[in-house]
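Visitor: I would like a close look at how helices are set against one another in this model, and at the loops and surface that go with them. Please take me through it step by step.

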Amino acid sequence: MSSANEQNFHRSKSNPNVIDNSRSNQIGGILVTFSFSAQGINTLFIVLLIGYLGVFFYNKARKGELPKMRRIVGLDVIAEATGRATELGRPVHFSPGIGGITNDVAPQTMAALALMSYVANLTAKYDTGLVVTIRQGVVFPLAEETVRVSYVNAGKADAYNQNMVRFISDQQFAYAAGVMGIFAREKIAANIMMGAFWAESLLLAEAGSQVGAIQVAGTANMTEIPNFVVGCDYTLIGEELYAGGAYLSQDPNRLGSIRAQDIIKLAVVILIPIGVILATANITFLKTLLTY
Amino acid sequence: MKRQVPLLITLLVGVIVFLSGVMTLKIGFFDLKTVSSTMTGWGTLVSAFAAFIAAMSLVLVHVKRIQAVKKNPMAVINSLALLISMGLMAVLGIAGQLTQGRPLPLFVLIFNNVINPAGAAIFAMLGFFITSASYRAFRARSLEATILLVSALLIMLGRIPVGEQLWSQFPALADWLSNVPNAAAQRGILIGAAVGAIATSVRTILGFERGHLN
């Protein structure tokens with residue numbers, strides 16, 4: 001900025017994707033500089049749209065207009081798996097993934113924690129053993145508190161045991177080895193793995209299969225979905241993981257958000273063929289609009 | 001208060017960090033990006049304390065197992081090994097940072113010759129586990145399972161030299177399967193997962209997602 005009240009609209013030399021529309025103004029003697037990055041406008045629009053639609057459909061859901069969700073078998077079977085573990089007198093294992101809550105897979109971990117609450121509630125009700133294994137230290141206090149409060153809410157506060165939630169290791173394969181050891185020693189009957197997983201996913205799935213556990217897994221990591229599909233009995237693919245909390249709780253908040261997601265996805269589905277046709281005809285206005 | 005304070009902190013920090021990623025805002029000495037990076041630093045500090053709590057929990061669990069030696073004598077060996085190695089690496093790591101500002105040679109030696117090979121060994125088991133998982137999964141029990149079996153067979157034949165010897169078009173067919181239907185399906189899942197992640201993040205920031213707070 002060479003002077004106050006100057007307005008520049010040109011592509012930044014260092015990064016051509018950034019339109020330098022920075023504007024500086026002197027307000028009461030204080031210099032105020034404000035600019036948007038090119039991708040930021042699209043990001044802000046999408047986030048505001050999802051937020052608005054989420055609140056809109058949340059209000060509708062609160063008035064009783066609950067959106068219908070298709071049956072997700074992997075979620076329905078969690079209660080059955082817990083029941084089976086109760087009959088066999090063997091514990092349920094839950095893993096909220098090996099991702100943390102401060103990186104790009106945080107939404108998967110948050111979704112997994114919501115499902116953990118549901119599973120802990122079930123194990124509290126059925127008096128089934130529960131083992132929650134944690135890889136990321138930052139997730140450990142959250143997981144511990146989630147399980148403890150679930151037991152309190154189920155009226156089984158005295159059944160909660162601090163040993164239920166175990167931090168294994170923050171090393172990926174040390175975690176996998178530790179969990180495989182738990183499967184073999186404690187003969188788990190149900191293995192529920194939800195969240196962000198990587199290469200250890202198949203190790204855990206096979207270890208669970210070897211002890212005869214019924215296995216339900218869910219992840220949004222593309223590379224691990226095939227591992228879970230072949231290694232587990234039921235798999236939640238991608239967005240089904242995020243819908244899990246809404247599906248099981250029927251909470252209007254979450255259901256409204258799921259409806260908002262579906263609207264956005266519908267818009268994307270409609271835009272794709274339109275974009276293909278326009279691009280084939282060498283008409284670029286849509287591409288320019290979406291990449292501004 | 002127990003729920004409101006964390007929700008308020010989540011809202012404030014979430015909005016600031018998000019906005020710093022999409023815009024630049026400077027008002028006098030206030031710079032949104034600086035505030036955002038400071039808050040991210042605080043997050044790192046909180047994560048470190050949480051990791052300490054997790055490590056302490058691990059120590060307590062294994063100390064209790066050692067105390068219950070009569071109940072399960074064999075478990076004591078594993079618990080002792082864990083506690084001794086954990087303590088040793090912690091001492092070496094802290095000593096190195098305090099004295100030299102970098103890891104001690106012994107720390108590096110143990111890390112490179114014990115921890116890394118052990119992790120690599122566990123990783124190597126994947127090869128055998130993929131085989132056993134494939135043996136169980138690739139069976140023509142239903143239409144979908146048959147499609148999975150045929151696709152896997154075509155991909156495998158396309159990737160190995162013997163496949164090309166059997167029919168010269170196997171590699172091209174495998175490439176087409178990977179690049180067209182597989183890529184299309186992956187992109188569809190990716191779009192759904194990305195929108196789901198945004199929605200979950202927006203719900204968490206606005207306080208609608210409270211599964212972790214109960």
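Guide: What follows starts with two helix pairs, moves on to two loop residues and ends at a surface patch. Please keep in mind throughout that this is a predicted model.

The first pair joins the two chains: helix H6 of chain A, which covers residues 200-210, packs against helix H4 of chain B, residues 105-137, with an angle of about 55° and with the axes 9 Å apart. That angle makes H6(A) oblique to H4(B), because angles under 35 degrees count as roughly parallel and 65 to 115 as roughly perpendicular, with the rest, apart from those over 145, counted as oblique. The handedness can be given as well, since H6(A) passes H4(B) in a left-handed crossing.

The second pair lies within chain A, where the axes of helix H3 (residues 106-126) and H8(A) cross at roughly 30° and come within 8 Å. H3(A) and H8(A) are therefore roughly parallel to each other, the cut-off for that term being an angle under 35 degrees. Here too the crossing is left-handed, as H3(A) passes H8(A).

From H8(A) one can go on to the loop between this helix, residues 239-249, and helix H9, residues 252-280, of chain A, which is where A:Gln250 is placed. A:Gln250 is not a glycine, and yet its phi is positive, at about 55°. With a relative accessibility of 38%, A:Gln250 counts as partly exposed, because that term covers values between the limit of 20% for buried and that of 50% for exposed.

A:Lys187 can be read in a similar way: although it is not a glycine, it has a positive phi of about 50°. The loop that holds A:Lys187 runs between helix H5 (172-186) and strand E8 (190-196) of chain A. A:Lys187 has a relative accessible area of 45% and is therefore partly exposed.

On chain B, finally, the surface carries a nonpolar patch formed by B:Leu8, B:Leu11, B:Val15 and B:Leu206, which together have about 320 Å² of accessible area. Helix H1 of chain B, residues 4-22, supplies the largest share of this patch, namely three residues. B:Val15 is a residue of helix H1 of chain B, and its relative accessible area of 34% makes it partly exposed. A value of 34% is enough for a place in the patch, because patches are made of residues with over 30% relative accessible area and no salt bridge.

Terms used. Residues are numbered from 1 along each chain as its sequence is written. Chains are lettered from A and ligands numbered from 1 in the order in which they are written. This is a predicted model: local features need pLDDT of at least 70, side-chain atom pairs count only at pLDDT 80 or more; totals for chains, interfaces and linings use all residues. Side-chain values use heavy atoms; hydrogens and water are left out. Patches are made of residues with over 30% relative accessible area and no salt bridge: like charges are joined within 9 Å, nonpolar side chains (Val, Leu, Ile, Met, Phe, Trp, Tyr) within 5 Å. Accessible areas come from the Shrake-Rupley method with a 1.4 Å probe; for residues, only the protein chains shown count as cover. A salt bridge is a side-chain nitrogen of Lys or Arg within 4 Å of a carboxyl oxygen of Asp or Glu. Helices (H or I, at least four residues) and strands (E, at least two) are DSSP runs, numbered from the N terminus. Buried means under 20% relative accessible area, exposed over 50%, partly exposed in between (1.4 Å probe, protein chains only). Axes are lines fitted to C-alpha atoms, for helices over the stretch in contact, and angles run from 0 to 180 degrees between N-to-C directions. A crossing is left-handed if the near helix is turned anticlockwise from the far one by less than a right angle, and right-handed if clockwise.
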